[in-house]
Amino acid sequence: MTTTLGELTGDYAFDPARTRIGFTARHTIGPVVRGRFERFEGGAHVDGDHPSRSSVTVTIQTGSVQTLNPQRDKALRGRFLALDDHPAITFTSTGVRQAGETGFRLTGDLTIRGVTRPVTVDVERIGVEHDPRDGARIRFRGGATIDRRDWGVHWAGAAGLVARKVALELDVTVIRRT
């Protein structure tokens, strides 16, 4: 049975067990650095009949960054992300545009280290499940590439070692609120 976009209209919450918010960045003296955030919350309003009326918000706990390297994680939390002064990273959509049958372009405000800048995130709806207990679940995958320095994410001691471009990677599952 195929689910129409209109049938998906509703308010959704992130499913933390089925969601990964991560990033990759090139390192000049080693492999690509991959990381993720372990603690986040957010939601979406999906308007299947008028996707432009949909919206997304997410709050990521800066201190939950993990790269599986404790020394690097400490540097990311402190020198790069300034955890003590900026405990959260936020994204609030300002617009949603459908791009093809299952694709969407989310524009919004991304705040890192207290700096808010616009960003566009491309996502693809890759699955819909109906769970008798949870109701509708929608899975999206996508991302964006940002220049970390636009948000003040840098440290002079690492100049030239970490690429300016960071790829944000999203694999998000949302559950309809009842």
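Student: What is the sign of phi at A82, the residue that follows α1?

Tutor: In this predicted model, phi of A82 is positive, near 50°. A82 comes after α1.

Student: How do you know that N69 caps the N-terminal end of α1?

Tutor: A side-chain oxygen of N69 lies 3.1 Å from the backbone nitrogen of Q71. A polar contact needs a pair of N or O atoms within 3.5 Å, so the distance of 3.1 Å meets that cut-off.

Student: Which residues of α1 are buried, and what covers them?

Tutor: Helix α1 spans residues 70-80, and its buried residues are D73, A75, L76, R77 and F80. Their cover includes β2 (20-27) and β6 (65-66).

Student: Why is T67 called buried?

Tutor: T67 lies in the loop between β6 and α1. Its relative accessibility is 7%, and buried means under 20%. Therefore T67 counts as buried.

Student: What makes the link between the side chains of T67 and D73 a polar contact?

Tutor: The distance is 2.5 Å, and the cut-off is within 3.5 Å. The side chains of T67 and R72 are also joined by a polar contact, of 3.0 Å. Leaving aside neighbours within four places in sequence, T67 is in contact with several residues, including F23, V33 and L76.

Student: Why is I126 called partly exposed?

Tutor: I126 is found in strand β9, residues 115-131. Its relative accessible area is 38%. Buried means under 20% and exposed means over 50%, with partly exposed in between, so I126 is partly exposed.

Student: Which residues is I126 in contact with, leaving aside its neighbours within four places in sequence?

Tutor: They are R139, F140 and R141. As for A25, I126 is 101 residues away in sequence and 25 Å away in space, C-alpha to C-alpha.

Student: How do you know that the side chains of β5 alternate?

Tutor: In strand β5, residues 55-61, V56, V58 and I60 point to one face and are buried. S55, T57, T59 and Q61 point to the other face and are not buried. In a regular strand the side chains alternate between the two faces of the sheet.

Student: What makes β4 and β5 a pair?

Tutor: Two strands pair if there are at least two bridges between them. Six bridges join β4 (residues 40-46) to β5, so the condition is met. The two strands run antiparallel, and F40 stands opposite I60 in β5.

Student: How many bridges pair β5 with β7?

Tutor: Five, in the antiparallel sense. In β7, I89 is the bridge partner of I60.

Note on methods
Residues numbered from 1 in each chain as written. Predicted model: local features only at pLDDT ≥ 70, side-chain atom pairs only at ≥ 80, totals over all residues. Heavy atoms only, no water. Buried < 20%, exposed > 50% of the residue type's maximum accessible area, 1.4 Å probe, protein only. Helix = DSSP H or I, 4+ residues; strand = E, 2+ residues; numbered from the N terminus. Contact = heavy atoms within 4.5 Å. Polar contact = N/O pair within 3.5 Å; in protein donor to acceptor, adjacent residues only side chain to side chain.
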